[in-house]
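Visitor: I should like a close look at a single part of this model. Please describe how it is put together and what packs against it.

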Amino acid sequence: MQDLYDLTLEEMKTYVTGLGEKPFRAGQVYRWLYQGVSDFGQMRNVPQALRARLEEEALIGSLTILKKQSASDGTRKYLFRLADGNTIESVFMRYSYGNSLCVSSQAGCRMGCRFCASQMKGLARNLTAGEILGQLKRAQADTGEKVDHIVVMGSGEPFDNYAELARFLTIVHEKEGLNLSRRNITVSTCGLVPGIERFGKEFPQVNLAISLHAPSDEIRQTMMPVNRRYPLAEVVAAAKKHAEMTGRRVTFEYALVNGVNDRDEDARALIRLLSGLLCHVNLIPLNKVEGTGFDTVSRARAYEFMELLTKGGIPATVRRELGAEIDAACGQLRLNG
């Protein structure tokens with residue numbers, strides 16, 4: 001069965017003409033999909049014969065909501081079942097500037113970041129573009145609210161699934177589809193340098209976030225195995241090149257871990273590392289995950305660390321905590337809920 005969410009508009013034209021229909025029918029089907037239709041029978045200006053054919057050979061999204069949790073701050077965490085039985089999680093968040101959805105790009109993750117729940121069972125498989133998009137469509141249908149911003153920061157490393165990520169970014173931006181501004185999308189990577197370089201060339205308007213989490217290779221390697229392949233100097237150099245090429249600042253995610261990377265000397269080392277780079281540091285008091293051996297810092301300490309950075313010329317903020325009571329905060333998403 002062909003999941004129509006997997007198709008760009010051009011791919012939809014190829015698919016529909018392959019069914020013996022005129023190319024303009026693809027645009028009709030595509031517009032219905034992104035108006036929220038979940039039943040081919042609702043596509044009123046599409047011929048009945050084509051609707052019947054689509055019923056037999058295609059589907060509109062393959063995700064099922066297995067579980068939904070709501071937090072007091074309005075955050076919702078979804079556990080979705082994929083067609084093959086694998087599961088993923090997504091998080092819907094309300095902000096003053098609009099609704100944001102954190103989507104997963106893989107079922108599980110193989111990057112092995114020690115503080116993150118997503119890596120605990122390894123990587124099951126990559127998601128298709130339609131499965132990434134399906135998270136958004138299901139969340140919008142459930143809440144009855146539009147998603148204004150997308151962050152690809154759920155389980156998985158987006159650049160480890162680059163082809164499907166790129167297709168997803170193309171689909172959500174298409175005028176006939178969701179028509180979402182690329183400036184309202186953020187993609188987060190643990191620092192896969194080739195992916196950063198390719199991303200900057202192909203999607204210069206999409207925001208880039210890099211999980212840094214340490215000011216030195218010595219510390220970062222104890223937290224993130226990927227640092228052995230792409231050490232800090234290479235990651236920061238790629239970030240600088242990205243900022244210069246796109247004219248857009250890079251966000252560095254920095255999870256503060258008690259006694260590991262939260263000392264004053266760590267702040268000073270981070271200032272030296274990022275000096276002169278168009279960037280912003282997003283400080284995150286570690287969202288504790290049982291079994292990792294890492295502990296969090298107080299928000300008071302996070303603000304002290306922020307002050308050290310800002311006084312040193314590095315723009316920084318402490319991330320607002322959303323969804324922690326339902327394990328929906330950064331680093332808490334798992335393969336099987």
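**The open sheet and its helices**

Guide: In this predicted model, ten strands (DSSP E runs of at least two residues, numbered from the N terminus) form an open sheet of mixed pairing, in the order 3-4-5-6-9-10-11-12-13-14. Strand 3 (64-70) and strand 14 (316-318) stand at the edges with a single partner strand each, so one side of each has no neighbour in the sheet. From one strand to the next, the twist averages 20° (angles run from 0 to 180 degrees between N-to-C directions, with axes fitted to C-alpha atoms, for helices over the stretch in contact).

Residue numbers start from 1 along each chain as its sequence is written. Local features need pLDDT of at least 70, side-chain atom pairs count only at pLDDT 80 or more, totals for chains, interfaces and linings use all residues, and side-chain values use heavy atoms, without hydrogens and water.

Within the sheet, strand 12 (residues 250-256) and strand 13 (residues 279-285) run parallel and are joined by seven bridges; strands pair if DSSP finds at least two. Thr251 has His280 in strand 13 as its bridge partner.

Helix 8 (a DSSP H or I run of at least four residues) lies across strand 11 (207-211) and strand 12, at about 145° to strand 12. The axes of helix 6 (residues 193-202) and helix 8 (residues 232-246) come within 9 Å and cross at roughly 0°; the two helices are therefore roughly parallel (under 35 degrees). In contact (heavy atoms within 4.5 Å), Val193, Ile196, Phe199, Gly200 and Lys201 of helix 6 meet Glu234, Val235, Ala238, His242, Met245 and Thr246 of helix 8.

Key
Angles under 35 degrees count as roughly parallel, over 145 as roughly antiparallel, 65 to 115 as roughly perpendicular and the rest as oblique.
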